[in-house]
Amino acid sequence: MAIFSVYVVNKAGGLIYQLDSYAPRAEAEKTFSYPLDLLLKLHDERVLVAFGQRDGIRVGHAVLAINGMDVNGRYTADGKEVLEYLGNPANYPVSIRFGRPRLTSNEKLMLASMFHSLFAIGSQLSPEQGSSGIEMLETDTFKLHCYQTLTGIKFVVLADPRQAGIDSLLRKIYEIYSDFALKNPFYSLEMPIRVTLLPPRLEYNGAITAHCNLCLPGSGDSSVSASGVARITAACHHAWLIFVFLVETGFHHVGQAGLELLTLS
Amino acid sequence: MSRPAQRRPEYHKINKDLFVLTYGALVAQLCKDYEKDEDVNQYLDKMGYGIGTRLVEDFLARSCVGRCHSYSEITDIIAQVAFKMYLGITPSVTCNNSSKNEFSLILDKNPLVEFVEELPAGRSSLCYCNLLCGIIRGALEMVHLAADVTFLQDRLKGDSVTEIGITFLKKQDEKKYRRKK
């Protein structure tokens, strides 16, 4: 049970903050010799498996790394084209890692604005006036919880379908947002959040589980478009404040519901 | 160890005097910078507006008030919850007109003017606490309510009470977002 992602969407539908925190997805790394028995094709700036599903490598998986070095879309880390590289027998044996392609920041931006539109449609469709809009989207692999504040900001959390207590988590995120983003005098409203925050630690059922840092490189300025550009945080600088979500990784919880929120000094 | 969902975070207490003195220094500096009272009032209002747009999220996050259905409900909440939360006072609310969109908050105690005896000579139309008006205006605008907030009466100017008037203007575009607070 875990929290997969957090999105904060501003009033105009622009993504102003995003965090991914899921455990590594099914990835398979294998060593291959020439000729490669998988059929690879280029799609959407990524190299995907088109045929030859086996051993954990499925159709649709993308080439994530070659010989341990992450690929950059269709190019290897050295700048060579992946397909060319893999077509050359001199480069074998080669170790390739396949996995589900990760979303790029632009894709996340698009998803956020699409969700924003769906949300608006949802409110319009309501038979009664004053509907709250989409509060939950359920699938078999995740549940999307959305909380829209009275000011129009949306907090979206993607979590495991069995995870409970997301409502209080959303409220808590709202509180933290109001504390650390808004009270920063150099933060302009509706702009991407670039602040490192302090953790209120979230304890799940009293047991401390692994946590994941939600931190954003600090700086108030950003050269972004009006709709907001999502910056996925890379490194966490030495933080004067770090925001921590507790995410369960590797711990098996047969617990009851309730995310406990505890503030530790 | 379950914790109630709405527990208030610990507020680190600081000396109220420091806050009052800071505000006083701010107004005094603005008076030095600008000759006209209207300018000072305007800048105080602008600053308050910036504060209000941010403070409203903090207020909504911590107080968990639900949607309001009328202007009088909103004014009540401002007076009884917001003022109490941030300034520790509870002004009383009166409705000024029959169309129910003009209200007054009567402050019997205003911590911001604790050390101010009277306005300096030549500054007779200075609204010392105009920051509060800006805060209320900014906060209301963030929940899609346009309002005019001014001081109707001010003890510093010789009136008997301090009165803040809130006039709700026509509702802004609410098509896309939830209905007004």
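Begin by selecting Tyr7(A), Leu103(A), Leu111(A), Phe142(A) and Leu158(A), which lie nearest the centre of the second largest pocket, a site lined by 22 residues. The model in the viewer is a predicted one, and the space in this pocket comes to about 630 Å³.

Next, colour the elements that give two or more residues to the lining, namely β1 (3-9), α2 (105-125) and β11 (154-159) of chain A. Of the contributors, α2(A) gives the most, with six residues. If the whole lining is then coloured by residue class, it divides into 16 nonpolar, two polar and four charged residues.

From the pocket, move to a place where the two chains meet, and select helix α3 (residues 166-182) of chain A together with helix α2 (residues 37-63) of chain B, whose axes come within 8 Å and cross at roughly 155°. Because angles over 145 degrees count as roughly antiparallel, α3(A) is described as roughly antiparallel to α2(B). Viewed as a crossing, the passage of α3(A) past α2(B) is left-handed.

To see which side chains and backbone positions to display here, show Tyr174(A), Glu175(A), Tyr177(A), Ser178(A), Asp179(A), Ala181(A) and Leu182(A) on α3(A), and, on α2(B), Arg54(B), Glu57(B), Asp58(B), Leu60(B), Ala61(B) and Arg62(B), since these residues make the contact. Coloured by class as before, the contact of α3(A) with α2(B) has six nonpolar, one polar and six charged residues.

Key
Residues numbered from 1 in each chain as written. Chains lettered and ligands numbered in written order. Predicted model: local features only at pLDDT ≥ 70, side-chain atom pairs only at ≥ 80, totals over all residues. Heavy atoms only, no water. Axes fitted to C-alpha atoms, helices over the stretch in contact; angles between N-to-C directions. Helix = DSSP H or I, 4+ residues; strand = E, 2+ residues; numbered from the N terminus. Parallel < 35°, antiparallel > 145°, perpendicular 65-115°, else oblique. Left-handed = near helix turned anticlockwise from the far one by under 90°. Contact = heavy atoms within 4.5 Å. Nonpolar A, V, L, I, M, F, W, Y, C, P; charged D, E, K, R; others polar. 1 Å grid on protein atoms, 1.4 Å probe; cavity = no way out; pocket = protein on both sides within 12 Å on 5 of 7 lines; lining within 4 Å. Points joined across faces, edges and corners; volume = space filled by probe spheres on them.
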